Amino acid sequence: MRTKFTSFFLFLFYIITLTNAFSQKSWFKIDTLTSVTSKGVKLTNPWAGGLNASQFLKMHLNNDADEDLVVYDRTNSKITTFLTAADPLNQGKKTFIHAPYYESLFPKADNWMILADYDGDGHKDLFTSTSLGISVYRQAKTAQSWTFRQMQEVLYTKGFSGNINLQVSGTDIPGIVDVDDDGDLDLLLFDFSGNYIELHQNLSMEKFGKPDSLGNVQNPVFQRNGDCWGNFHKGTNEGFDFGLDCGVTIKSGNREMHAGNSILLRDLNGDGKKDLLVGHVSNTHVSFLTNAASGLIGNFTAYTNTFPAVNPVQLHIFPAAYMEDVDFDGKKDLLIAPNVASNDGNLTDFKSSGWLYHNAGTDSKPDFKLSKKNFLQDQMLDVGENAAPSFFDIDGDGDLDLLVGTGGVPGQSGYKGSFWLLKNTGNNTTPAYEVESENYLNLASAFAVYNIKPQWADFNGDGVTDLGFAATSTSTLKPEYRYIPNKAPAGAPAQLNVADAVTIALPTESQTGDSPHFYDVDGDGDLDLLVGKTQGNLYYYANTGTSKQFTFKLESDAFAGVSISFEGRSPQLAVADFDLDGRADLITADHTGNIRLFHGAEWGKWTARETLLVEQNGKVAAPSFGTYLSVAIGDYNGDKKPDIAIGSNAGGLRLLTNVVPVTITGNEPGAGPLVNVFPNPAANYLKIKSSKPATFDIVSVSGRKVVQDQKLNANVEQEIVTQHWSAGLYLIEIKSGNSRVVRKVMVAN
C-alpha cells in the first residue's frame, strides 16, 4: 500500500539515482549530424566550430591508408581534426569530415604546432611552443589507437656561450626540417631581432647513427651553426639584404659558443635546392627567397614579394605558408592563413581567412593557382569570430530556431557585428537548419556595435519573450545592453523592430568583455542580473526595481564561489535544469575551454562545480572547446531535455545533445489518484488535482519558477492560465506533508 512517505522516498531515490549516474556517465554527446544548408548548399561540417588563424598539418588519425587533416587555430589554442573520407555530397570524391573525437588525444599547444617524424619510425611526432622554447611529444602507436607522450619539456642547443634552451619567439613559427638531408630534423628559427635566421643543426646521425635523440641540457644534440643562415638578413620594409657570410660550416663542432616570422623551407622552383617562403608580422605578402646552394649551407640570392605570380598572397597582416595535399591528387598544395593571436585592428575577415592554392604542377616544381579564400570555412558555420548562439522559436512553427550574434566583420563603414538567423526547416524532433539571413533585423545598420551576445527573455514583464543583446560600442568601446520588445502574442512568429529597442543601463562598474545574463533569481517576477567578468569571477545583482525600470544592487562579486581566476577568465553562463530534478542549475564556459556545471542543490547553494563530461566514440572525456566561449540552452531535438550550443571566438558552433539517463513523460504510471495534471500538453490552461491538501511550485526547464507555494485543496481542481507562457517543458512539484510528487507537463502555445 502507498503511504504518505512513498512518493517522498521515490523522489529521493530518483535524485540519488541521478547523482550516481552523473558521476559515472557523460552528460552530453557531440552532435555532428544535424544538417545545415547555406545558399542552397548542404554543409559538410556545419558544427566544426569555425577557424580564424589556421595552421594546416597532416597525419594518420585512424588506421586507413589516407593521411588526415589537423588544424591548429592560434586565436583560441584549439585543435580541430578531420578524417579523409568519401564525400557524402559528391559520389566518388574524397573530402575532410570533422571528427572531434581525435581532438582530445592531442596535448595542449600554444602559439604554433608542427607534426614531423623526428625518430624515423614512420609516425609523426608533435612539436609545440612553451614559455621555455620547444616541447616535443612522441607518437606512440598501437594496433587500435595512438597517443602523444611528452619526451622533452624543452629542447636544448649548444650555443656560442654554452648549452641553452632553444627559444622561439612567441609570435614566430620555426622551420623543423632536415636541412642537410642526413635523416634527422634540424631547426631554423629567427633570432629575437627578427632579422636573421639561425640554424641549429641536429647531430643525432653524426653522434649515434640514428635520428631519435633529443639530447638534454648536459648533452644537447642540437648545435648552433654559424652567425646566421642563408647569407642574408631582413632589410627595410618587405626587403632583404643578400651577400652576408653567415659562417655556416659543414664540419660540425668547429664553434662553441624578434619581431614575428614564419618559415617554410622547400624546393619551389624545381632546381633541387630548398627555397624559403617567409611571412613577417608587419607584411601583407609572403616573401619567396631563391636558394642558390644545396645542403647545409644555404645561399639566398634573390627574392620577390609577389608570390605566386598570379593572384599573389595579400592578407591584412602576417601571412604564414603551409604545404599539404588537401585536394587528394597526390601533390602538395599551398595554404595561407594569418599567423595572429587576435584580430589586430579588427581588419581581418575571419569568415574568409584560409587561402588555398591548388598545385597544378608537381611536388618538385609546383604551380600554384588560387582556388578559394575560405578553405574548410566554406563547409562549416563560420560567422567570423565570437559566435554567440541563442535558441528561440522565431517563426512560431513549434521548433527552435538559432539566432547567432557575431563578433563582427570589417566593412566600408567599419567593423560591425550582426545577427545570423538559422531557421529550423525540420521539426521539433528532427531539426534541420538553413541560414536564412546573415544580417537579421539589419542590426549592422541600426547600431554601430560588435561582439553581440543575444538572450531571449521577458524583459518588459508582459508575458512574451523579447530579444535582448549585449554588445560593445564601436565609438566608445564601452559595453551596452538593449532589448527589442516582441509585440507578437506568445507562440506566434516574433514581431521585432530595432526602432523599438530599449536600452538597459548596466551597472557602472561594467567592463568591455563582460557577459551579462538575465534571470529571475529571487522569483519576484522581474529579471535579475548575473555577469561573467573578464577577470573570471561571477557578479550577482538583484533587480530592486521592476521589469519596467531596472535598478541593480550588487549582492555578490563571487557568486557560487566563482572568484577571480586568470585561467578561468571571461566566463559566460546560462541557466537550465540540466539534471531534471526540478531545480535551476548553472553552467559556465570560460578560457579553460571546458564547460562547468553547478547542480544538485537549491539555487546558489552548490558546493562544487563539475567539469561537463561528454561522450565521444563510446568514451567519456572533458573536451576543450577553445577559448572565449559562449553557451546557449534549448531542447532542439524535442526529447524534453536541455541541450547546449557552444559558440567560440573562431566564429563557429558546436552542438551538445543531452544524454542524461532520464526519460521525461507526462503523468508517471503508478502514481494513482494522488495527483492528476491535465491536459498534457497544455495550451491556454492546465488543471491540477490532488487527493490531499497540498502546495505546489511550477518550474520552467530554464529553472525559472513561474508559480511558487500555490495552495491546493483536497479533491478540488486548480486551474492555471498558461496562455502567455513560453512553449516548452515545465516541472510541477506537489508537496503534501512529507510527500513530494513531481509531474512533467508540456506547454504547446
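**Cores, a sheet and salt bridges in a predicted model**

Let me begin with one residue, Leu 376, which touches Leu 51, Phe 56, Leu 69, Val 71, Phe 82 and Phe 96, leaving aside residues up to four places away in sequence. What you have in front of you is a predicted model, and I will come back to its confidence values later in the talk.

Leu 376 belongs to the largest nonpolar core, a group of 34 residues, and together with Phe 127 and Phe 375 Leu 376 is among those with the most contacts inside that core. The elements that each give two or more residues to this core are strands E5 (68-73), E8 (110-116), E10 (133-141), E15 (186-190), E24 (319-324) and E25 (333-338). Which of them gives the most to this core? That is E8, with 3 residues. There is also a second, separate core, made of 20 residues, and Trp 27, Val 614, Ile 633 and Val 660 are included in it.

From the cores I would like to move to one of the sheets. Four strands form an open sheet, in the order E34-E35-E36-E37, and their pairing is antiparallel. As a general reminder, strands of a sheet pair through backbone hydrogen bonds, in either a parallel or an antiparallel manner. In this sheet the edge strands are E34 (449-457) and E37 (502-503), each of which pairs on one side only.

Is E34, as an edge strand, largely enclosed or largely open? It is largely enclosed by the rest of the structure, because 7 of its 9 residues are buried. Its pairing with E35 is antiparallel and runs over 7 bridges, and within that pairing Gln 455 stands opposite Gly 468 in E35. On to the next pair: E35, covering residues 466-473, and E36, covering residues 479-484, also pair in the antiparallel sense, here over 6 bridges, with Ala 471 standing opposite Glu 480 in E36.

Next, the charged side chains. The structure holds 24 salt bridges, and I have picked out three of them. In one, the side chains of Lys 274 and Asp 181 meet with a distance of 2.9 Å from N to O; Lys 274 counts as partly exposed, because its relative accessibility is 22%, whereas Asp 181 is exposed, because its relative accessible area is 55%.

Another salt bridge joins Lys 351 and Asp 349, whose closest N and O atoms are 3.7 Å apart. Both ends count as partly exposed, Lys 351 at 25% relative accessibility and Asp 349 at 27%.

The remaining one of my three is between Lys 369 and Asp 367, with the closest N and O atoms 3.6 Å apart; here Lys 369 is partly exposed at 45% relative accessibility, and Asp 367 is partly exposed at 34%. Elsewhere, Asp 697, Lys 705, Asp 709 and Lys 735 are joined into one network by salt bridges that share partners.

Finally, the confidence of the prediction. The mean pLDDT of the protein is 89, and 94% of its residues reach 70 or more. Over residues 252-258, however, the pLDDT is below 50, although this stretch has 25 contacts in the model beyond near neighbours in sequence. Where else does pLDDT stay under 50? It does so over residues 666-673, for which the model has 13 contacts beyond four places in sequence.

Technical notes. Residues numbered from 1 in each chain as written. Predicted model: local features only at pLDDT ≥ 70, side-chain atom pairs only at ≥ 80, totals over all residues. Heavy atoms only, no water. Salt bridge = Lys/Arg side-chain N within 4 Å of Asp/Glu carboxyl O. Buried < 20%, exposed > 50% of the residue type's maximum accessible area, 1.4 Å probe, protein only. pLDDT = per-residue confidence, 0-100. Contact = heavy atoms within 4.5 Å. Core = buried A, V, L, I, M, F, W, Y, C linked by side-chain atoms within 4.5 Å. Pairing = 2+ DSSP bridges.
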